[in-house]
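Student: I've just opened this one up and would like a hand reading it. Can we go through it bit by bit?

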Amino acid sequence: MQRKEPFKFMLQLAMFGSGLLFLGLLVFYTILSRPQAGFGKLILPEIFWASTLLILISSLTLHLADWSFDKHHFKSYRFYMGTTLTLGICFIIMQLFGWKELFELNANSAIRTSRGFIIMISGLHILHIAVGLIFLVKIFIESLKRLSYVESFVYSVNPPNQLKVNLIVFYWHFVDILWVILFLYLWWQN
C-alpha cells in the first residue's frame, strides 16, 4: 500500500472543512431566506460575472504554469505563474468593487441580511484566495531567483519543490471551482 503524502492529505482535509463551511452557509441562506428576516431578492453586481471569468482564466494560467514546470519551459512557467498571481489580485479588487456595487444596487434596508450574507460569503472566499496568493507569491519569487536554465532545472526535479507546485495548483483549482459554485448558486437564488 502506497503511503499518502501528509501535506496533500492535510490540504485535502482543510479543503473538505472549507467546503462544509460554505455548504453550511448556503443551506443557512436558503432556509432562512424570508422577507421578515431581512432576506429578499438582490441584484448581484455585474462585476461578479467579470471576476468569475477572471478566476476561471487564472485557473487556466496556473494549469499552463504547472504544465510548463513539468516540461521544463521555465520562462513560460514564470510568465504563467506571474499572470495567475496578477489575476488573483485583480479578482480580489473586483470583489471589493462588487461589494460597493452590491450596496448601491440594493440600498433597501429590507434586504440587509441577504446583502450581509453575500458579503460574508464573498469575504470568506477572498480570504481563501488571499491564502493561495501568499503561496503563489512565495513560489513566484523562488522562480525569479533561478533565472538560469540549470538552476531552474535543478529546482524543478527536487521532489519537495514539485510538491509545492502541485499543492498550490490543487488548492487554486479548488478555490476557483468553489467560487463558481457559490456565485452560480447565489445568482440562481436571486
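Tutor: Sure. A word on terms to begin with: helices here are DSSP runs of H or I with at least four residues, strands are runs of E with at least two, and both are numbered from the N terminus. This is a predicted model, so local features need pLDDT of at least 70 and side-chain atom pairs count only at pLDDT 80 or more, while totals for chains, interfaces and linings use all residues. Residues are numbered from 1 along each chain as its sequence is written, and side-chain values use heavy atoms, leaving out hydrogens and water.

Student: Got it. How many helices and strands does the protein have?

Tutor: There are 6 helices and 0 strands, so to speak an α-α-α-α-α-α order when read from the N terminus. The C-alpha atoms fill a box of roughly 65 × 40 × 20 Å along the principal axes.

Student: What does UniProt call a transmembrane region here?

Tutor: The unreviewed entry gives that annotation to residues 12-32, 47-65, 77-97, 117-141 and 168-188. UniProt positions are in the numbering used here, with feature names shortened, and annotations may be inferred rather than shown by experiment.

Student: What does the model show over 117-141 and 168-188?

Tutor: Residues 117-141 are 100% helix and 0% strand, with the end C-alpha atoms 36 Å apart. Residues 168-188 are also 100% helix and 0% strand, and there the end C-alpha atoms lie 30 Å apart.

Student: Switching to the inside: what share of the residues is buried?

Tutor: Of the 190 residues, 43% count as buried. Buried means under 20% relative accessible area, exposed means over 50%, and partly exposed is in between, using a 1.4 Å probe and protein chains only.

Student: Which residues touch the most others in the largest nonpolar core?

Tutor: Met81, Ile118, Ile121, Ile129, Leu136 and Trp172, out of 48 residues in that core. Helices α1 (6-32), α2 (46-70), α3 (74-105), α4 (112-145) and α6 (159-189) each give two or more residues to this core, and α6 gives the most, with 14 residues. A nonpolar core is a set of buried Ala, Val, Leu, Ile, Met, Phe, Trp, Tyr and Cys residues joined through side-chain atoms within 4.5 Å.

Student: What is Met81 in contact with, outside its sequence neighbours?

Tutor: Leaving aside neighbours within four places in sequence, Met81 contacts Leu62, Ala65, Leu136, Ile139 and Phe140. Contact means heavy atoms within 4.5 Å. Across the protein, residues 24 or more positions apart account for 85% of the contacts with a separation of 6 or more.

Student: And the residues after Met81? Is Gly82 buried or exposed?

Tutor: Gly82 sits in helix α3 and is buried, at 14% relative accessible area. Thr83 is in α3 as well but is partly exposed, at 22%. The C-alpha atoms of Thr83 and Leu62 are 8.2 Å apart, with their positions 21 residues apart along the chain.

Student: OK, helix packing. How do α2 and α6 cross?

Tutor: Their axes come within 10 Å and cross at roughly 160°. Axes are lines fitted to C-alpha atoms, for helices over the stretch in contact, and angles run from 0 to 180 degrees between N-to-C directions. α2 and α6 are therefore roughly antiparallel. The cut-offs: under 35 degrees is roughly parallel, over 145 roughly antiparallel, 65 to 115 roughly perpendicular and the rest oblique.

Student: What about α4 and α6?

Tutor: They pack at about 160° with axes 10 Å apart, so α4 and α6 are roughly antiparallel too. The crossing of α4 and α6 is left-handed, meaning the near helix is turned anticlockwise from the far one by less than a right angle; clockwise would be right-handed.

Student: At what angle do α3 and α6 pack?

Tutor: About 35°, with their axes 13 Å apart. Tyr77, Thr84, Gly88, Phe91 and Gln95 of α3 meet Val165, Trp172 and Trp179 of α6.

Student: Last one: where is His72, and what is its phi?

Tutor: His72 is in the loop between α2 and α3, and its phi is near 65°, a positive value in a residue other than glycine. At 24% relative accessibility, His72 counts as partly exposed.
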